[in-house]
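Visitor: I'd like a close look at a single part of this protein. Could you take me through it slowly?

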Amino acid sequence: MNSPHISAPQPTLERGDSENWHRGLAEAVRDPDHLLDLLELDDRLREPAHRAASQFPLLVPHSYLARIERGNPHDPLLRQVLPLGAELQVHPGFSSDAVADAAAHRAPGLLQKYTGRALLITTGACAVHCRYCFRRDYPYGDEPRRIEEWQPALDTLEADSSIHEIILSGGDPLMLTDARLADLLNRLESIGHLRRLRIHTRLPIVLPQRVSVELLQMLTTLRLTPIMVLHANHAQELQHDCAQAVNRIVRSGITTLNQAVLLKGINDNVSAQLDLCERLVDLGVIPYYLHQLDRVSGAAHFEVDEELGRRMIDELRARLPGYAVPQYVREVPGAECKIPL
Ligand SMILES: *Cc1c(COP(=O)(O)O)cnc(C)c1O
Ligand code: SF4
């Protein structure tokens, strides 16, 4: 990943292609044997992969698989999606509500931890299952599903004029169909004191077909100012169809940021972080946060020592323009913002 070259804007998707992403999702790999066969990996990975996937299922779209090196069990993209036996080990200090979401509930589907912005859990669905996910045990079944069930959350937002920014999160909010999303956005737009719409999504990275002409049109014709926060952890993710999708978002005029998670064996070295930050800014994306791993059960083997993280950030500061260095933060339950480390 040392070519910073950005290809010219690709021929745009034709209208009607927006349903492509449903096909991409339907065809995603869900069976550990299938994954290991496609990537020509060692048979010894099979049994643990099945055991871990029985707790948190494997899910990875073909577009993402195409960016993984065949036969390399250490590939940084593979490591984000391959279920491992280590997930089943119990570690003290790692729990199922690591970020105290339960305490921040204001209405079904509505979380508020910080002043001025609130977050909607729009869906529990994702197009990929990241093995380190801090919401792998989130009780999504309790959140609204049908559009009417959003009313209490919308009423709460309407009644609180201190909230200026609404964040769509999940799961992945871009898993909603365009029709569902349009309906929700309409309702949010009618709340006069909301000024900004922020979408936290990994779909442009894992299922780039989702970034359709129709979606971008919907987001760029709102009254609300749109901001998209992508979730890429490694420069190798930002190639091919993914780079093109990111390019389309940026060129549509949406402010585009990225948050990454610091992950052992994936991006816990200076050169991986440098490549990621440079690749992002070359694509027009500002590195926003580098998150210290939330201590969720099953993810302990991804944890990186904070001291190492701090040294890496110092090194990045010495080598990159200021805007290309993310804030290294951790989420502390009850704190009034993400805490800089
Ligand atoms: C992380 C988070 C936000 C966003 O925080 P910013 O610092 O504004 O990016 C907002 N609400 C909740 C509940 C969060 O967990
Ligand atoms: S896309 Fe986000 S919410 Fe979904 S599994 Fe990955 S980290 Fe978790």
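Which elements each supply at least two residues of the lining of the largest cavity?

Guide: Happy to. This is a predicted model, in which local features need pLDDT of at least 70 and side-chain atom pairs count only at pLDDT 80 or more, while totals for chains, interfaces and linings use all residues. Residues are numbered from 1 along each chain as its sequence is written, chains are lettered from A and ligands numbered from 1 in the order written, and side-chain values use heavy atoms, leaving out hydrogens and water.

At least two lining residues come from each of β7 (255–261), α11 (270–282) and β8 (286–291); helices (H or I, at least four residues) and strands (E, at least two) are DSSP runs, numbered from the N terminus. With four residues, α11 gives the most to this lining.

A cavity here is a set of points, on a 1 Å grid over the protein atoms alone, where a 1.4 Å probe fits but cannot get out, and lining residues have an atom within 4 Å of a point. There is one cavity of 30 Å³ or more, and the largest holds about 40 Å³ of space; that volume is the space filled by probe spheres set on the points, with grid points joined across faces, edges and corners.

Its walls are formed by Asn258, Ala260, Gln273, Leu276, Cys277, Leu280, Pro287, Tyr289, Leu290 and Pro326. By class, eight of the lining residues are nonpolar, two are polar and none is charged, where Ala, Val, Leu, Ile, Met, Phe, Trp, Tyr, Cys and Pro count as nonpolar, Asp, Glu, Lys and Arg as charged, and the others, Gly among them, as polar.

How values were computed
1 Å grid on protein atoms, 1.4 Å probe; cavity = no way out; pocket = protein on both sides within 12 Å on 5 of 7 lines; lining within 4 Å.
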